[in-house]
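I opened this notebook to keep track of what I looked up, entry by entry, starting with the sulfur pairs and ending with the pocket.

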Amino acid sequence: MIPECPSDIVSPTTQLFWLIPNVPNISGDGTPSQVPGSFFPMGQTMVTYRFPGSSGSTADCEFAVIVTAAGNLTCPSVQPLVSSDNFGRLVDFDTPACFDDVGGTFNSVCDWTPGSLFIAGVTTVTCTCVGLGTASSECSFVVEVRPVPEVDCVNVPGPIVRAVDLDKLGDTVFFDPPTCISNGAPASCSRQSPIFVRTGTTETVVCTCTGSLSEATCSFPVTVYSSESVQIQMMNCPLATFGFTPASDMEGLVVFWSPPFAVSSTGLAVEVIDQTHFPGDFFPMASTTTVVYVFGFAGVTATCQFDIRVDDAVTPF
């Protein structure tokens, strides 16, 4: 028995050092199978010191040198998940397995545990294998939790209005369905284009966009009037001629005015479908220009027109 014989050495490095054992009453270092500073292969190697004793006997010191390796980890691939409440989601994943030359197979240690709550966004998970003697390796993978996709209708047609002759029963109306922003596809509508709407009635088209966790609805009316029942009332249409007298050395003037507008007997807005000039246009000297606005609603039109006169001299008018 050699009291100062080294204990077994476990290390991830291949070059190892130790204290040479000392045997009382025996001079010399004995006969070693390896010396301190030797390089060792992976796995276990026995180191033996043999010391000569009296009467031809020997005393042996024997200890193991174990060089460990933790092996390469293979991390799981976690597919992106959608949050159920826009905050986060509990995410399960398989913990990567480790292999050690000495310890065999065991679980890695991750900085996030399976089943943890991951907030919406991207989180990096790192897992580490620590073998005997602190040999280690690690891998990382990404957990992505996406917010609930927004579901809504866009490009919803405004109120669609048509006017037909009094003797017509109705009109066939074409329209483009709204678009779902969740996937860019057309919405699913209660009526498909084209639709026939009877004169004097309104059909409401209801459309739905369905997402993975929610849905959105939108609607728009389609109305067919008799042209005799639609009237357009002009508002703010100038009645008098405008006269402007610039200085004699000027070529003309930039003229501004308050644009006219119109309302319909249905209460819906009437749009300008054509106009010849705009506020801020330039009008030349010694000219009279007729400005025309054309308003249209459901096939019925109305016109507002007025003159802008630019005189070439200071002449009262």
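**Entry 1, the pair in strands 17 and 19.** I began with the disulfide that joins Cys-189 to Cys-207, whose sulfur atoms lie 2.1 Å apart; a disulfide here is a pair of cysteine sulfur atoms within 2.5 Å. The torsion about this S-S bond is about 100°, so I noted the disulfide as right-handed. Cys-189 belongs to strand 17 and Cys-207 to strand 19 (residues 201-210), so the pair ties together parts that are 18 residues apart in sequence. Strands are DSSP runs of E with at least two residues, numbered from the N terminus. Cys-189 counts as buried at 10% relative accessibility, and Cys-207 counts as buried at 0%. For these words I used the cut-offs of under 20% relative accessible area for buried, over 50% for exposed and partly exposed in between, with a 1.4 Å probe and protein chains only.

**Entry 2, what the values rest on.** I reminded myself that this is a predicted model, in which local features need pLDDT of at least 70 and side-chain atom pairs count only at pLDDT 80 or more, while totals for chains, interfaces and linings use all residues. Residues are numbered from 1 along each chain as its sequence is written, and side-chain values use heavy atoms, with hydrogens and water left out.

**Entry 3, other disulfides.** How many disulfides does the rule give? The count comes to five. One of them joins Cys-5 to Cys-61, with an S to S distance of 2.0 Å, and its torsion of about 85° makes the disulfide right-handed. This pair links distant parts of the chain, 56 residues apart, with Cys-5 in the segment before strand 1 (9-11) and Cys-61 in strand 4 (residues 58-67). I found Cys-5 partly exposed at 21% relative accessibility, whereas Cys-61 is buried at 0%.

Another disulfide joins Cys-237 to Cys-304, at an S to S distance of 1.9 Å, and with a torsion of about 95° this disulfide is right-handed. Cys-237 sits in the loop between strand 21 (232-235) and strand 22 (242-244) and Cys-304 in strand 28 (residues 300-310), so distant parts of the chain, 67 residues apart, are linked. Cys-237 is partly exposed at 21% relative accessibility, while Cys-304 is buried at 0%.

**Entry 4, the sheet.** I then followed strand 17 into an open sheet of four strands in the order 14-20-19-17, with mixed pairing; two strands pair if DSSP finds at least two bridges between them. Strand 14 and strand 17 (188-189) stand at the edges with a single partner strand each, so one side of each is left without a neighbour in the sheet. Strand 14 runs parallel to strand 20 (residues 215-226), and five bridges join them. Among the residues involved, Ile-160 has Val-222 in strand 20 as its bridge partner.

**Entry 5, the pocket.** Which elements give two or more residues to the lining of the largest pocket, whose volume is about 200 Å³? They are strand 14 (160-164) and strand 27 (287-297). A pocket, on a 1 Å grid over the protein atoms alone, is an open set of points where a 1.4 Å probe fits, with protein on both sides within 12 Å along at least five of seven lines, and lining residues have an atom within 4 Å of a point. Grid points are joined across faces, edges and corners, and the volume is the space filled by probe spheres set on the points. I listed residues of the lining, including Pro-159, Val-161, Arg-162, Glu-271 and Phe-297.
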